[in-house]
Amino acid sequence: MTSIGSIFRQLHEGQGAFIIPNPWDVGTARILAAMGFQALATTSAGMSFSMGVREGQVDRQTVLAHCRTLVDATTLPVSADLENGFGDSPESVAETVRAAAATGLAGGSLEDYTGRADRPIYDFQLAVERIQAAAEACGALAQDFVLTARCENYLWGKPDLDDTIRRLQAFEKAGADVLYAPGLRDLDAIQTVCRSLAKPVNVIAGIAGATFSMAQLAQAGVKRISVGSSLSRLALGAFIRAAQQVKTGESFSALDDAMGFSEIESYFPPHG
């Protein structure tokens, strides 16, 4: 029987690009599955907001429990946002990969973001060693697990394309299966990154000022397109704006846009 990780890997080996949206709870996962998406990815921000806390404040045990609920929600492959691996050392990253695989996840992404404002990006050598340890942990698993390595330069005040490519190339050589540099805002940069790498590249949609079509991204060489926390922020934004209007008591017109019960329920299985 083909493992869920192998099914996920095959999506990266097909023609063109595919979209992997990011649910944040069982309901949104089931809606996306019913819409026909082929795989799902978690969002650390969306998960955190749904728990009423800021991003980065949720511990590994809670994150993996959340991942388990999304894995169990549908039959689709799920890739997890594993943030920085919940530890600085290569050993802690390897431990996180093993624990993530045990939840039934098909893959996961690891960042080179430290979580510290004074020094947000791991030093190059340590960043590479972390991915190498994660790749070695993946190789020792009984099932396939697609490892995505992220370079966070563009999200944390270091829009250096050369360094970003250097890091992604090193992550590729260290054993990552997919490379990802969130925050790229123009097609030329995206194309340059894709041409600099042999393995699949993930690009995030939903960044302000960087709205491209799937066809444009595929032509640039992108294999996988995720949306990060955008769907969560879109939903919460609509909720907050409507609640602000309701609070005034002057009008409830914002509620007119609410989707009907039957339409929402049509995305859910009849017996839970």
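Lys158 is partly exposed in the predicted model, with a relative accessibility of 32%, where buried stands for under 20% relative accessible area, exposed for over 50% and partly exposed for the range in between (1.4 Å probe, protein chains only). Asp163, by contrast, counts as buried at 11% relative accessibility, and Asp163 and Lys158 are joined by a salt bridge in which the closest N and O atoms are 3.3 Å apart; a salt bridge is taken here as a side-chain nitrogen of Lys or Arg within 4 Å of a carboxyl oxygen of Asp or Glu. Through salt bridges that share partners, Asp112, Lys158, Asp163, Arg166 and Arg167 form one network. The model is a predicted one, in which local features need pLDDT of at least 70 and side-chain atom pairs count only at pLDDT 80 or more, while totals for chains, interfaces and linings use all residues. Residues are numbered from 1 along each chain as its sequence is written, and side-chain values use heavy atoms, with hydrogens and water left out.

Within this network, Arg167 is paired with Asp112 in a salt bridge whose closest N and O atoms are 3.2 Å apart. Arg167 belongs to helix α7 (residues 161-174) and Asp112 to the loop between β4 and α6, so that the pair ties together parts 55 residues apart in sequence; helices (H or I, at least four residues) and strands (E, at least two) are DSSP runs numbered from the N terminus. Arg167 and Asp112 are both buried. In total, the structure holds 11 salt bridges. Another of these is formed by the side chains of Glu95 and Arg60, at 2.8 Å from N to O, and because Glu95 lies in helix α5 (residues 90-102) and Arg60 in helix α4, this pair ties together parts that are 35 residues apart in sequence. Glu95 is partly exposed at 39% relative accessibility, and Arg60 is likewise partly exposed, with a relative accessible area of 24%.

Arg130, which is found in helix α6, is buried yet has no salt bridge, the nearest side chain of opposite charge being that of Asp88 at 5.2 Å; for this purpose Lys and Arg count as positive and Asp and Glu as negative, with His and the chain ends not counted. A polar atom of the Arg130 side chain does, however, lie 2.6 Å from the backbone oxygen of Asn84.

Arg130 also contributes to the lining of the largest cavity, together with Val93, Leu110, Glu111, Asp112, Ala127, Ile131, Arg150 and Phe171. On a 1 Å grid over the protein atoms alone, a cavity is a set of points where a 1.4 Å probe fits but cannot get out, and a pocket is an open set with protein on both sides within 12 Å along at least five of seven lines, lining residues being those with an atom within 4 Å of a point. By this rule the model has 2 cavities of 30 Å³ or more, and the largest has a volume of about 40 Å³, a volume being the space filled by probe spheres set on grid points that are joined across faces, edges and corners. Helix α6 gives the most to the lining of the largest cavity, with 3 residues, and the lining as a whole divides into 5 nonpolar, no polar and 4 charged residues. In this classification Ala, Val, Leu, Ile, Met, Phe, Trp, Tyr, Cys and Pro count as nonpolar, Asp, Glu, Lys and Arg as charged, and the others, Gly among them, as polar.

The second largest cavity, with a volume of about 40 Å³, is lined by Thr42, Thr43, Ser44, Met47, Val63, His66, Cys67, Asp81 and Glu83. Helix α4 supplies the largest share of this lining, 3 residues, and by class the lining has 3 nonpolar, 4 polar and 2 charged residues.

The largest pocket encloses about 860 Å³ of space, and of the 43 residues that line this pocket, Ser44, Glu55, Asp81, Glu111 and Arg150 are the closest to its centre. Its lining divides into 17 nonpolar, 17 polar and 9 charged residues. The second largest pocket has a volume of about 620 Å³ and is lined by 21 residues, of which Trp24, Thr28, Ile31, Leu231 and Ala235 lie nearest its centre. Helix α10 provides the largest share of the lining of the second largest pocket, 7 residues, and by class that lining has 17 nonpolar, 2 polar and 2 charged residues.

Conventions
Polar contact = N/O pair within 3.5 Å; in protein donor to acceptor, adjacent residues only side chain to side chain.
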